[in-house]
Amino acid sequence: MLRILNLEAGYGALRVLKGISLHVSPGEIVAVIGANGAGKTTLLKTIAGILKARAGEVEFDKRRIHNDPAERIVRYGCGLVPEGRHIFSTLTVRENLLLGAYSVARASRPWHFWRRRTDNQRRPDETLAQIYELFGILKERSSQLAGTLSGGQQQMLAIGRALMARPRLLMMDEPSLGVAPLVVKDIYRTIVNLKRTGLTILLVEQNARAALAVADRGYVIETGQIVLQGTARQLCDSPEVQRAYLGKEYRSIDEDE
Ligand code: ATP
């Protein structure tokens with residue numbers, strides 16, 4: 001579904017991604033783990049078209065997307081839950097969700113812009129009902145201002161908002177950041193439930209323990225390069241990963257209980 005080849009990106013004189021190659025197959029959860037500043041967010045921003053690739057290729061569903069603008073990449077079915085959530089705090093939960101279904105299309109004639117109604121825009125209520133089913137708390141708080149939600153609830157909202165565009169691939173940037181350990185478990189259970197609905201997920205995390213507990217495969221990124229890859233189990237059993245990212249013992253999310 002997603003194939004990245006020798007991807008390079010950065011900011012000004014700073015080279016961050018130095019030739020990243022990875023792939024994600026349909027139905028998989030793939031984790032990219034790495035320390036602070038390794039380039040994880042930069043990788044997702046480049047795939048999402050927020051940051052321009054300097055070299056290499058990004059292919060989504062066999063279509064080259066690395067020169068496409070971010071709003072078009074969302075319409076292809078590639079969604080992003082950004083780090084730090086970026087919800088609209090003065091809007092209600094429902095309004096934040098509805099914004100996720102909004103997309104703007106540019107006409108083939110460059111002087112003419114219009115709003116194209118995607119399938120989803122024709123039936124956002126149906127999608128909204130599905131999101132409320134998945135996240136009961138968002139339904140309960142639908143008219144609450146988003147800025148007054150807890151960190152974990154805001155993370156659920158950010159996931160829900162990305163799902164409103166009905167992505168086939170959902171990219172998530174550090175969903176466990178800034179939320180309490182119990183809530184991290186809730187978020188990760190949701191990620192497993194999303195996989196069960198057929199969604200493909202690319203997850204970047206500093207919290208390797210949580211990510212590898214749900215992932216099928218994973219990659220380790222260090223200073224903009226992939227230094228290790230394998231199944232989640234292989235990575236968990238790797239002495240390097242255990243030393244640098246997991247601490248001495250590893251237990252799956254369910255063994256923790
Ligand atoms: P974290 O877990 O802290 O978010 P990360 O692995 O996601 O880390 P990135 O956010 O991709 O790392 O940052 C990689 C490098 O790029 C860092 O050295 C960071 O300081 C730098 N960087 C990130 N964003 C910008 C920016 N907008 N302008 C300049 N440098 C940036």
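In this report, Ala, Val, Leu, Ile, Met, Phe, Trp, Tyr, Cys and Pro count as nonpolar, Asp, Glu, Lys and Arg as charged, and the others, Gly among them, as polar. The structure described here is a predicted model.

**The shell around the ligand**

By these classes, the shell around the ligand consists of five nonpolar, six polar and three charged residues. Of the 14 residues around the ligand, those that come nearest are Asn36, Gly37, Thr41, Thr42 and Glu174. Two elements, β2 (14-24) and α1 (40-47), each contribute at least two residues to this shell. The largest share, three residues, is supplied by α1.

Three residues place a nitrogen or oxygen atom close to an oxygen atom of the ligand, as the following table sets out.

| Residue | Part of the residue | Distance to a ligand oxygen atom |
|---|---|---|
| Gly39 | backbone N or O atom | 2.9 Å |
| Lys40 | side-chain N or O atom | 2.8 Å |
| Glu83 | polar side-chain atom | 3.1 Å |

Gly39 thus takes part through its backbone, whereas Lys40 takes part through its side chain. For Glu83, too, the atom concerned belongs to the side chain. As for the ligand as a whole, it exposes 630 Å² when taken alone, and the protein buries 62% of that area.

**A nonpolar patch on the surface**

Elsewhere, Phe88, Leu99 and Tyr102 form a nonpolar patch on the surface. Together, these three residues have about 290 Å² of accessible area. One of them, Tyr102, is situated in the loop between α3 (93-99) and β7 (105-106). Tyr102 counts as partly exposed because its relative accessible area is 41%, a value that lies between the limits of 20% and 50%.

**Two residues with positive phi**

Most residues other than glycine have a negative phi. Against this background, two loop residues deserve mention.

Asp61 is not a glycine, yet its phi is positive, at about 50 degrees. Asp61 lies in the loop between β4 (55-60) and β5 (63-64). With a relative accessibility of 36%, Asp61 is partly exposed.

Thr223 likewise is not a glycine and has a positive phi, here of about 35 degrees. The loop that holds Thr223 runs between β11 (217-222) and β12 (225-231). Is Thr223 buried or exposed? Thr223 is exposed, because its relative accessible area of 54% is over the limit of 50%.

Notes
Residues are numbered from 1 along each chain as its sequence is written. This is a predicted model: local features need pLDDT of at least 70, side-chain atom pairs count only at pLDDT 80 or more; totals for chains, interfaces and linings use all residues. Side-chain values use heavy atoms; hydrogens and water are left out. A residue is near a molecule or strand if one of its heavy atoms lies within 4 Å of it. A polar contact is a pair of N or O atoms within 3.5 Å; within protein, one must be able to donate a hydrogen and the other to accept it, and residues adjacent in sequence count only if both atoms are side-chain atoms. Accessible areas come from the Shrake-Rupley method with a 1.4 Å probe; for residues, only the protein chains shown count as cover. Helices (H or I, at least four residues) and strands (E, at least two) are DSSP runs, numbered from the N terminus. Patches are made of residues with over 30% relative accessible area and no salt bridge: like charges are joined within 9 Å, nonpolar side chains (Val, Leu, Ile, Met, Phe, Trp, Tyr) within 5 Å. A salt bridge is a side-chain nitrogen of Lys or Arg within 4 Å of a carboxyl oxygen of Asp or Glu. Buried means under 20% relative accessible area, exposed over 50%, partly exposed in between (1.4 Å probe, protein chains only).
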